[in-house]
Amino acid sequence: MVKGKRIKEGNFIKFLGTAGARFVMIKQLRASGGIWIKANNVNILIDPGPGSIVRCASSKPKLDPCQLDAIILTHRHLDHSNDVNVMIEAMTGGGFKKRGFLFLPQDAIENDSLVLKHALNFVGSVEFLKEKTDYKIGAFNFTTGPRNVHPVETYGLKFIINKKNISLIGDTAFYPEILDFFKSDILIINTVFYEPRPNVQHLSFEEAKQIISKLRPKTTILTHFGMTMLRAKPHILVENLKQELNLDIVAAYDGMSIFP
Ligand SMILES: [Zn+2]
Ligand SMILES: [Zn+2]
């Protein structure tokens with residue numbers, strides 16, 4: 001089936017952006033639109049960073065944010081959340097239809113709220129993410145991981161599409177439970193740095209390699225690249241790693257879709 005038709009009719013995961021960390025996002029060396037998932041006719045947008053709405057409109061075929069059933073913010077950092085208000089407007093038909101789900105950690109709207117008060121009122125159901133908890137959006141279920149190691153509250157996600165277990169580790173420093181909790185058929189790793197930087201709570205390519213060697217997923221997708229990863233050329237790193245580990249490993253690019 002051709003790609004456009006598969007996006008219109010089937011289940012898919014589309015990377016509207018692959019930028020990780022501040023400078024790749026600010027310079028838009030990679031887009032920061034988040035990840036759109038369609039599964040069992042449920043449309044979910046994870047982490048709508050800056051330009052997410054533009055990336056939806058310029059997708060081929062177009063992705064219509066008015067069709068969204070849920071928005072998941074893994075955490076409050078801007079590269080994951082900047083477009084949340086406009087996406088809520090879209091999901092709720094310009095604010096005229098109270099509908100849809102918004103999932104986010106409590107610290108995203110406590111004190112300095114990312115979500116405008118009036119936008120929050122448009123949403124059908126606002127649910128706080130907690131660790132290792134199950135959530136339901138119609139026919140789509142997901143589970144959060146342990147609390148990640150990051151300066152703000154955030155969790156990885158696990159879900160099933162077409163009987164495949166899929167994990168998104170999210171932004172975090174390495175912690176041992178990753179090697180147990182995120183075992184899956186398709187593993188998505190936010191790989192911000194090329195080499196580990198002990199004082200900054202993000203995964204590096206070196207750590208991603210350890211995780212892949214241990215979990216041996218059928219397919220691994222590296223995304224959320226920072227400057228040092230882009231300089232090291234993710235597609236070349238991945239090509240070498242594939243041969244070394246004899247596993248399917250992909251470097252995500254803006255606009256990439258997979259069909260689990
Ligand atoms: Zn990030
Ligand atoms: Zn972050």
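Which residues in helix 8 meet which residues in helix 10? The answer comes under the first heading, after a word on the model.

This is a predicted model, in which local features need pLDDT of at least 70, side-chain atom pairs count only at pLDDT 80 or more, and totals for chains, interfaces and linings use all residues. Residues are numbered from 1 along each chain as its sequence is written, chains are lettered from A and ligands numbered from 1 in the order in which they are written, and side-chain values use heavy atoms, with hydrogens and water left out.

## Two packed helices

F205, K209, I212 and S213 in helix 8 meet L237, L241, E244 and L245 in helix 10; contact means heavy atoms within 4.5 Å. Helices (H or I, at least four residues) and strands (E, at least two) are DSSP runs, numbered from the N terminus.

Helix 8 covers residues 205-215 and helix 10 residues 234-245; they pack at about 30°, with axes 12 Å apart. Axes are lines fitted to C-alpha atoms, for helices over the stretch in contact, and angles run from 0 to 180 degrees between N-to-C directions. The two helices are therefore roughly parallel (angles under 35 degrees).

## The zinc site

The zinc ion (ligand 1) has the protein donors D79 (OD), H80 (NE2), D171 (OD) and H224 (NE2), at 2.1 to 2.5 Å. Donors are N, O and S atoms within 2.8 Å of the metal (3.2 Å for Na, K and Ca); water is not among the atoms, so sites may look incomplete. In sequence, the spacing of these donor residues is D-H-x90-D-x52-H.

D171 also bridges to a second zinc ion (ligand 2), and the two ions lie 3.6 Å apart. The pair H80 and D171 links distant parts of the chain: H80 is in helix 4 (residues 78-81), while D171, 91 residues apart from it, is in the loop between strand 10 (164-168) and helix 7 (178-181). Both H80 and D171 are buried (under 20% relative accessible area, with exposed over 50% and partly exposed in between; 1.4 Å probe, protein chains only).

## An enclosed helix

Six of the eight residues of helix 5 (residues 84-91) are buried, so this helix is largely enclosed by the rest of the structure. The buried residues are V84, N85, M87, I88, A90 and M91. After helix 5 comes G93, with a positive phi near 55°.

## Loops to look at

K60 and P61 are joined by a cis peptide bond, with omega about -10°. P61 sits in the loop between helix 3 (52-58) and strand 4 (70-72).

Technical notes: Parallel < 35°, antiparallel > 145°, perpendicular 65-115°, else oblique.
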